[in-house]
Amino acid sequence: MVGSGPNGLAAALTLAESGLRVRVIEAADGPGGGCRTAELTLPGFRHDVCSTVQSMAELSPFFTGLNLRELGVRLLRPEIAFAQPLEHGQAALGFGDLERTASGLGADAAAWRRLLAALTAQHEALFPEILGDLRHRPRHPVTLARFGLPGLLPARTLATGLFREESTRALFAGLAAHSMRRLSAPLTSAFAVVLAVSAHVGGWPVVEGGSVAISDALVRRLTELGVEFEYGHEVTSLAELPPSRVTLLDLTPRQLLRIGGDRLPSRYRRQLQRFRYGPGSFKIDYALSESVPWTNPECRRAGTLHVGGSMGEIAASEAEVEAGRHSDAPYVLVVQPSIVDPTRAPAGRHTLWAYCHVPSGSTLDRTAAVERQLERFAPGFKDIVLARATRTAAEYHEYNPNYVGGDINAGRAGVGPAFLGPVPGGLRYAPLPRWSRYRTPLPGVYLCSASTPPGGGVHGMCGQNAAREAIAREFG
C-alpha cells in the first residue's frame, strides 16, 4: 500500500481484514494525508491541516462498518450545521434537521422539502448507491433517480428554477460551490444535494481533538491486525517496491506516471496525461482571542459558514477561478470547530479554518481578499486575530503531492471522473471482460486515491472499493 491518506488506510484495512499481509509505505513522517492536525499558529491551538468537517463519518459504508466511538473517535455536532451570511445582518441556516431548516426558508419551505425530504428519509439506501461500486444493477433505483435527475443539473439552473427566495438560492449555491466548479457546470447540484442530506442526517460533525483522531484510530486498528508501516519513504519507482501479489496506490494519475515510467502502455500514459485536476485552495488557520463577531448572531452557532453573499456573487467567484483568474470577492469556506470542541484552543480562545478557491498552482497570498469577506459579515474580525498561518495552492502541493496544483480533491469534478474513473477507456487494457475504475494495465497494480470514484472527501470508499476489486480479481 503506497500512501496513507484516508483512502490508503481504508484500502489497507480492507485487505488486512481479508487475511492478507499488508505493508503501508508513506512518504511523510506520519500517516493521515488530509486527516492531520497540528499546532500551526500558537501553542495550544490545534488546527486541521486539511479536512475538518467529517460529514461522511457516519454515512459512508466504510465508516458505518466501523464503530468509530469504540475506536476512540468522538464526533461533535454544532447546533447549526451550515450558515450562509447575507447582507444587512441576515442569514440562511441549515440545521441537522430537515424540517427545522425548511421552516426557516419562508416561501421555499415546500420546495426544500420536495427536493430533499425523500432522500433524507432514505439516506441508508442513498449513500451506499452513490459511494459504492456502480457496476451493478441499482438496488434502490427510485432513490437513485430522485438524486440523479436533479443532481445532473447545474446548481444555478436548479436553484433558479426551484427556489423563489434569494436567500435560499444563496444557501444552495454555498453548498454547490464545494464542487470547486463554476455553478453553471453539470453535476454541481449533486454536490449541494449530497451535502444538504448529509447535514440533515448527521449534522456535519467535527472530531474531538482534530481530524487526526480518525487517522490514529485506523492506524491502531491496522497495527492490531499486524499491518506494517514504513514512513519517510517516497516511492520514486514501482521497481523499488518489495515483491507482492497486489500493490495499491493512494496516488493521483500524475504520480502514477512518475513512478510507472515506461512500464505503462503508451496509450494509457496519454490518457493519464489528459486527466484534469481542479483549481487550488488558499487556506488560513487562525488563532482567535474570542468567538467571531458575526453580524447575524445565529452564525455564531454554526460549525460551517459559506461566506460569499448571494448566489450571483458565489457563481461569479467560482467562474473567475475556473477561468484561471483570482476573484476579488472570493467564496470563502469557513469552519469554527472550537464552538463545539474546547480541546482545539486554550480556555476562552478559538480556532478558525478558512479557505478560498484559486487557480491551479497559485502562489498568491489571498489573506487580504479572504479577510475582506470575513470583515464584510463579521466587522471587527481582524481585531480578534492572535495569529494566522497561511498556505498557498503551491505550498499545498509541496505539502502533499496528491494535491496537484493545490487541488485538495485530487481531480476536477465532473460526470466522467465520478462514474468512469481517471481513465474512462480502462476496459481496453483489461485482460478480463469486466471494466475497472481502479485497476491499471500493470499486473496487480490498482489506483485507490480520490482521483478514482467516488472522488474527494473523507469517506474511505475509493480505498475500500479498489481493495475489494483487487481481492476479487487477484485472490478470488
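What percentage of the 476 residues of the chain count as buried? In this predicted model, the share of residues that count as buried is 59%. The accessible surface of the chain amounts to about 18400 Å², and carbon and sulfur atoms contribute 51% of that area.

The secondary structure of the chain consists of 17 helices and 15 strands. The radius of gyration is 21 Å, close to the 23 Å that the globule rule gives for 476 residues, so the chain is as compact as a globular protein of that length. The C-alpha trace spans about 65 × 50 × 45 Å along its principal axes. Among contacts with a sequence separation of 6 or more, 75% join residues that are 24 or more positions apart. With regard to charge, 49 side chains are positive and 44 are negative, and a distance of 8 Å separates the centres of the two sets.

The interior was examined next. The largest nonpolar core comprises 92 residues, and W112, F127, F172 and L248 are those with the most contacts inside it. Helix α9, which covers residues 188–202, gives the most to this core, supplying 8 residues. Another core, of 28 residues, lies apart from the largest one; A302, L352, C356 and L374 are among its members.

Two of the residues named for the largest core can be placed in more detail. When residues up to four places away in sequence are not counted, F127 touches M56, L59, P61, G132, V194, V197 and S198. Of these partners, V194, V197 and S198 fall within the range of helix α9, residues 188–202. F172, in turn, is one of the buried residues of helix α8. This helix extends over residues 166–176 and is mostly covered, with 9 of its 11 residues buried. The buried set runs from T168 and R169 through A170, L171, F172, A173, G174 and L175 to A176.

A contrasting environment is found at R391. This residue belongs to strand β14, which spans residues 385–391. R391 has a relative accessibility of 23%; because values under 20% count as buried and those over 50% as exposed, R391 is classed as partly exposed. Leaving aside neighbours within four places in sequence, R391 is in contact with V49, S281, F282, K283, Y396 and Y399. The C-alpha atoms of R391 and D365 lie 8.0 Å apart in space, while the two residues are 26 residues apart in sequence.

Notes:
Residues are numbered from 1 along each chain as its sequence is written. This is a predicted model: local features need pLDDT of at least 70, side-chain atom pairs count only at pLDDT 80 or more; totals for chains, interfaces and linings use all residues. Side-chain values use heavy atoms; hydrogens and water are left out. A nonpolar core is a set of buried Ala, Val, Leu, Ile, Met, Phe, Trp, Tyr and Cys residues joined through side-chain atoms within 4.5 Å. Buried means under 20% relative accessible area, exposed over 50%, partly exposed in between (1.4 Å probe, protein chains only). Helices (H or I, at least four residues) and strands (E, at least two) are DSSP runs, numbered from the N terminus. Contact means heavy atoms within 4.5 Å. The radius of gyration is taken over C-alpha atoms; the globule rule is 2.2 Å times the number of residues to the power 0.38. Accessible areas come from the Shrake-Rupley method with a 1.4 Å probe; for residues, only the protein chains shown count as cover. Lys and Arg count as positive and Asp and Glu as negative; His and the chain ends are not counted. The place of a charge is taken as NZ of Lys, CZ of Arg, CG of Asp or CD of Glu.
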